[in-house]
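Colleague: I would like to understand one part of this model properly rather than skim the whole thing. Please pick a region and walk me through it slowly, from its framework to its backbone details.

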Amino acid sequence: MRAQPILSAAAIRAAEAAWFANGGDSFALMQRAAGEVARAAATRLPPGGRVLVLAGPGNNGGDGYVAARLLADAGFAVQVTALAAPGAGDAARAAGEWCGATGPADPARFDLIVDALFGIGLARPLEGEAERLVLAANASGAPILAVDIPSGVDADTGAVPGVAINAVETMTFHTAKPGHLLLPGRLHTGRLQIADIGLPPAQGTPLALNGPGLWRLPVPDADTHKYARGGVLVWSGPVLATGASRLAATAALRAGAGAVTLVGDREALLVQAAHVTAVMLAEGDAQGFGRLAASPKVKALCVGPGAGPQARCVAGAALQSGKPLLLDADALTAFAGEAEHLARLIRRHDRPVLLTPHEGEFARLFPGLSGSKLARAQAAAALSGAVVILKGADGVIAAPDGRAAITANAPGWLATAGSGDVLAGIATGMLAQGIPGFEAAAAACFLHGEAGGRLGPGLISEDLCGPVLREVLAALI
Ligand SMILES: NC(=O)C1=CN([C@@H]2O[C@H](COP(=O)(O)OP(=O)(O)OC[C@H]3O[C@@H](n4cnc5c(N)ncnc54)[C@H](OP(=O)(O)O)[C@@H]3O)[C@@H](O)[C@H]2O)[C@@H](O)CC1
Ligand SMILES: [K+]
């Protein structure tokens with residue numbers, strides 16, 4: 001299975017420019033793009049159905065004019081409402097070839113609206129007539145098919161600086177753009193369709209949609225044993241906060257780690273003992289955690305879920321051990337505002353470190369980083385030397401070498417207490433099995449999303465590390 005690349009607006013323009021430089025015809029490209037739009041529109045229309053095309057001043061509008069002509073030729077009743085006449089180039093040619101009904105219209109009278117106002121060239125928030133057209137289209141009740149990206153959504157960041165089209169479907173070209181997948185853009189995109197318009201396949205792109213093309217799940221050999229599959233240590237929270245670390249430990253075991261041990265003080269372990277069976281227990285403080293981590297049987301460490309006041313000391317011991325490591329929750333907050341110091345500790349050893357902050361933890365750890373979710377995760381990975389999972393429904397995974405992935409399969413049901421602890425456990429389980437950091441993080445996010453999707457309503461975090469994870473793994477191996 002191939003990874004699905006995602007290209008920024010600049011990257012798609014570069015691909016287009018390279019193709020033109022090799023003699024590619026830009027109007028032919030527009031016609032192919034518009035052909036895909038018309039095809040998608042036709043499947044949503046009754047015979048002779050009424051279509052309103054909202055056309056902007058650039059090439060997105062050009063796609064709209066060509067699609068209007070193709071739909072009219074196919075027998076649909078098409079009207080174009082133009083924001084402004086395209087000045088020159090392909091868009092002007094496309095507008096010149098449109099001879100049908102043109103002018104303002106009540107969008108509620110149409111069976112379908114084609115949004116061709118703005119695409120990757122959106123340069124500022126929508127105002128005035130553009131804003132009015134978008135609001136009227138959204139309020140009309142007619143389904144909206146967006147050309148390339150819903151107008152008003154920033155193609156690179158998913159941000160909506162003003163208003164934006166609420167599409168039921170978006171027909172984009174060549175590859176997805178970050179704005180289709182990052183929030184809030186994803187909520188405006190509807191069903192995303194990606195049309196091949198003849199540009200050479202995007203290769204070696206650093207950004208991809210998270211999916212099985214990016215990683216391979218480990219399959220144990222018949223002659224393996226539990227420590228060969230990978231031992232994991234998880235730091236147990238204190239006596240009144242044991243649940244988070246238990247979820248992480250259980251998830252690590254489910255994800256395929258051969259042996260998982262919760263380490264903590266005696267009181268906490270007595271509580272853990274009442275709940276776990278296959279997960280083992282070992283008494284120890286931060287130093288003890290470090291000593292246990294030195295065992296060759298231990299292949300990965302998880303510190304942070306419910307970790308409590310010792311989080312900083314235990315994370316320090318874990319970082320010093322040189323073992324593959326995941327830091328989450330309290331272990332991240334323990335380094336609030338000290339990202340450079342954490343980076344020095346991370347870079348002292350050559351082994352993967354995963355940081356799994358949610359937005360609040362991210363802001364505390366990296367207060368100086370701003371920009372889109374993607375840009376911030378990439379900057380944090382470059383700064384820290386760790387693979388960063390910036391969590392959320394549009395979870396971004398970024399590696400220090402510049403690779404990044406966006407996860408798009410996480411349902412809202414996953415927004416529940418303990419969900420992040422399970423994710424941490426799955427990722428640690430992957431690390432323990434020798435999966436490299438970026439791949440371990442991406443696989444964990446995808447598995448987590450799949451499990452959440454299968455469980456659906458009523459999901460609680462205990463369910464996530466139950467049999468559903470086994471089913472998800474079995475479907476992907
Ligand atoms: N790349 C490909 O592979 C292919 C690309 N194709 C298509 O081309 C599209 C990109 O076309 P594009 O570059 O002309 O940009 P587009 O989105 O039409 O907007 C630019 C215009 O909008 C204006 N404008 C911007 N913001 C504004 C605002 N807030 N309010 C008001 N005006 C605003 C801006 O004006 P300005 O900022 O200069 O004032 C300019 O006039 C792409 O999305 C796809 O559909 C396909 O045809 C073929 C394959
Ligand atoms: K559009």
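Modeller: Happy to. A word on names before anything else: helices (H or I, at least four residues) and strands (E, at least two) are DSSP runs, numbered from the N terminus. Please also keep in mind that this is a predicted model.

Let me take the parallel sheet and the helices that lie across it. The sheet is open, has seven strands and pairs in parallel, in the order β4-β3-β2-β5-β6-β7-β8. Its edges are β4 (101–102) and β8 (191–195), each of which pairs on one side only. Following the order inward from β4, you meet β3 and then β2, and β2 has β5 as its next neighbour. For a look at one pairing in detail, take β5 (residues 112–116) and β6 (residues 144–147): these strands run parallel and are joined by three bridges. One residue to click on there is Ile 113, whose bridge partner in β6 is Ile 144. As background, strands of a sheet pair through backbone hydrogen bonds, either parallel or antiparallel.

Now add the helices. Helix α2 (residues 26–43) lies across β2 (50–55), β5, β6, β7 (169–173) and β8. Relative to β7, α2 runs at about 160°. Helix α3 (residues 59–73) lies across β2, β3 (77–82), β5 and β6, and its angle to β2 is likewise given as about 160°. Strands β2, β5 and β6 therefore appear in the lists of both helices.

How do α2 and α3 meet? Their axes come within 8 Å and cross at roughly 55°. Angles under 35 degrees count as roughly parallel and 65 to 115 as roughly perpendicular, so α2 and α3 are oblique to each other. The crossing of these two helices is right-handed. On the α2 side, the contact is made by Met 30, Gln 31, Ala 33, Ala 34, Gly 35, Val 37, Ala 38, Ala 41 and Ala 42. The α3 side brings Asn 59, Gly 62, Asp 63, Val 66, Ala 67, Leu 70 and Leu 71. By class, this contact divides into eleven nonpolar residues, four polar and one charged.

Helix α3 has another packing partner, helix α4 (residues 89–96). Here too the axes come within 8 Å, but the crossing is at roughly 25°. That makes α3 and α4 roughly parallel to each other, and their crossing is left-handed. From α3 the contact uses Asn 59, Gly 61, Gly 62, Tyr 65 and Val 66, and from α4 it uses Asp 90, Ala 91, Ala 94 and Ala 95. These residues divide into five nonpolar, three polar and one charged. Asn 59, Gly 62 and Val 66 of α3 are worth selecting, as they take part in the contact with α2 and also in the contact with α4.

There are two backbone details for you to inspect as well. In general, most residues other than glycine have a negative phi, and most peptide bonds are trans. His 174, in the loop between β7 and α6, has a positive phi of about 75° although it is not a glycine. The peptide bond joining Leu 183 and Pro 184 is cis, with omega about 0°. Pro 184 sits in the loop between α6 (178–181) and α7 (185–189).

Finally, let me place this region in the chain, which is divided into domain 1 (4–12 + 23–205) and domain 2 (212–476). The C-alpha centres of the two domains lie 41 Å apart. Domain 1 gives eleven residues to their contact and domain 2 gives eight. On the side of domain 1 that touches domain 2, the residues divide into six nonpolar, three polar and two charged.

Key:
Residues numbered from 1 in each chain as written. Chains lettered and ligands numbered in written order. Predicted model: local features only at pLDDT ≥ 70, side-chain atom pairs only at ≥ 80, totals over all residues. Pairing = 2+ DSSP bridges. Contact = placed C-beta atoms within 7 Å. Axes fitted to C-alpha atoms, helices over the stretch in contact; angles between N-to-C directions. Domains from an automatic or database assignment. Nonpolar A, V, L, I, M, F, W, Y, C, P; charged D, E, K, R; others polar. Parallel < 35°, antiparallel > 145°, perpendicular 65-115°, else oblique. Left-handed = near helix turned anticlockwise from the far one by under 90°.
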